[in-house]
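Visitor: Could you take me through one part of this structure closely, namely the largest pocket and the strands around it? I would like a connected account that I can follow with the coordinates open.

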Amino acid sequence: MLGLLVEKELRDNYYFSTGISFFSRKYSYVANDNVATFSDEIVAQYIQLPATLKLHTNEILLDMTIYFQLGASIDIPIHNKIDELADPLVTELFFADLSLITSTGVEYKLGNSTRVFAGLYYNRSFLNQARKTQFPDADFSMRSSMFGLQAGIIF
């Protein structure tokens with residue numbers, strides 16, 4: 001994931017964070033309907049528009065705080081690749097996704113307005129991304145979870 005974030009201080013140790021990010025998801029599945037077996041990989045690229053609340057502790061060391069972040073995002077696919085030659089079960093992806101975002105880490109103040117941060121990130125999608133399948137009556141669901149490390153500079 002790569003992007004730009006904007007933070008607005010609401011009160012001491014409370015920040016509203018938003019921005020725009022680019023990331024890629026890879027969906028893999030194997031499905032069996034007693035007649036045929038379907039397997040495919042779908043690579044989708046998304047633009048993410050998050051809205052989160054970021055809470056900081058008081059200083060744990062000189063100029064260092066721990067932060068906790070919670071919020072949601074709208075993930076808009078800008079490109080997806082479904083292999084038509086592979087006879088995929090999923091033929092079309094949903095037009096957007098809604099995700100839960102949580103993260104925690106440490107932030108270090110370098111100057112009056114410059115800070116660096118590093119932490120752990122979790123993103124869980126809520127919506128079924130399989131919009132159309134070869135069998136419309138089938139109960140098939142595609143959701144994703146993303147774990148990651150995050151690092152950045154805030155100025």
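Guide: What follows starts with the whole chain, goes on to the largest pocket, and then takes up the surroundings of that pocket.

The model is a predicted one, and the protein in it holds zero helices and nine strands, so that, by the way strands are numbered from the N terminus, the labels used here run from β1 onwards. Read from the N terminus, the order of elements is β-β-β-β-β-β-β-β-β. Of the 155 residues, 34% count as buried, and the protein exposes about 9700 Å², with carbon and sulfur atoms supplying 60% of that area. Among contacts with a separation of 6 or more, 62% join residues 24 or more positions apart.

The largest pocket has a volume of about 720 Å³. Its lining consists of 28 residues, and those nearest the centre of the pocket are Gly-3, Leu-5, Phe-117, Gln-150 and Ala-151. At least two lining residues come from each of β1 (2–11), β2, β3, β6 (97–109), β7 (115–125) and β9 (145–154), and the largest share, nine residues, belongs to β9. By residue class, the lining of this pocket divides into 16 nonpolar, 10 polar and two charged residues.

Several residues in the strands that supply this lining can be followed one by one, beginning with two serines. Ser-21 is found in strand β2 and has a relative accessible area of 7%, which is why Ser-21 counts as buried, the limit being under 20%. Leaving out residues up to four places away in sequence, Ser-21 touches Met-1, Leu-2 and Gly-3 as well as Tyr-46, Ile-47 and Gln-48. Gly-3 is also one of the residues nearest the centre of the largest pocket. Ser-17 lies in strand β2 as well, and it too is buried, with a relative accessible area of 2%. Beyond four places in sequence, the contacts of Ser-17 are Val-6, Glu-7, Pro-50, Ala-51, Thr-52 and Gln-69.

On β6, the residue to look at is Val-106, which is partly exposed at a relative accessible area of 35%. With neighbours within four places in sequence set aside, Val-106 is in contact with Met-64, Thr-65, Ile-66 and Tyr-67, and also with Val-116, Phe-117 and Ala-118. Of these, Phe-117 is again among the residues nearest the centre of the largest pocket. The C-alpha atoms of Val-106 and Ile-66 are separated by 4.4 Å, although the two residues are 40 residues apart along the chain. A further pairing of this kind involves Leu-70, found in strand β4 (residues 64–81), whose C-alpha atom is 6.8 Å from that of Ser-103, 33 residues away in sequence. Leu-70 touches Thr-52 and Leu-53, together with Leu-100, Ile-101 and Thr-102, again without counting residues up to four places away.

The largest nonpolar core can be set beside the pocket. This core has 10 residues, namely Phe-23, Tyr-27, Ile-42, Ala-44, Tyr-46, Val-90, Leu-93, Ala-130, Met-142 and Met-146. Two or more of them come from each of β2 (14–32), β3 (37–56) and β5 (90–93), and β3 gives the largest share, three residues. In soluble globular proteins, nonpolar side chains tend to be buried together. Tyr-46, a member of this core, is one of the residues that Ser-21 touches. Met-146, another member, touches Met-1, Phe-23, Tyr-121, Tyr-122 and Asn-123, when residues up to four places away in sequence are not counted.

For contrast, the second largest pocket holds about 240 Å³ of space. Its lining has 14 residues, with Asn-13, Tyr-15, Thr-65, Lys-109 and Arg-115 nearest the centre, and β6 supplies the largest share, three residues. This lining divides into two nonpolar, five polar and seven charged residues. Asn-13 sits in the loop between β1 and β2, has a positive phi of about 70° although it is not a glycine, and counts as partly exposed at 26% relative accessibility. In the loop between β3 and β4, Asp-63 likewise has a positive phi, of about 65°, without being a glycine, and at 28% relative accessibility it is partly exposed.

Terms used: Residues numbered from 1 in each chain as written. Predicted model: local features only at pLDDT ≥ 70, side-chain atom pairs only at ≥ 80, totals over all residues. Heavy atoms only, no water. Helix = DSSP H or I, 4+ residues; strand = E, 2+ residues; numbered from the N terminus. Buried < 20%, exposed > 50% of the residue type's maximum accessible area, 1.4 Å probe, protein only. Contact = heavy atoms within 4.5 Å. Areas by Shrake-Rupley, 256 points an atom, 1.4 Å probe, with all protein chains shown as cover. Core = buried A, V, L, I, M, F, W, Y, C linked by side-chain atoms within 4.5 Å. 1 Å grid on protein atoms, 1.4 Å probe; cavity = no way out; pocket = protein on both sides within 12 Å on 5 of 7 lines; lining within 4 Å. Points joined across faces, edges and corners; volume = space filled by probe spheres on them. Nonpolar A, V, L, I, M, F, W, Y, C, P; charged D, E, K, R; others polar.
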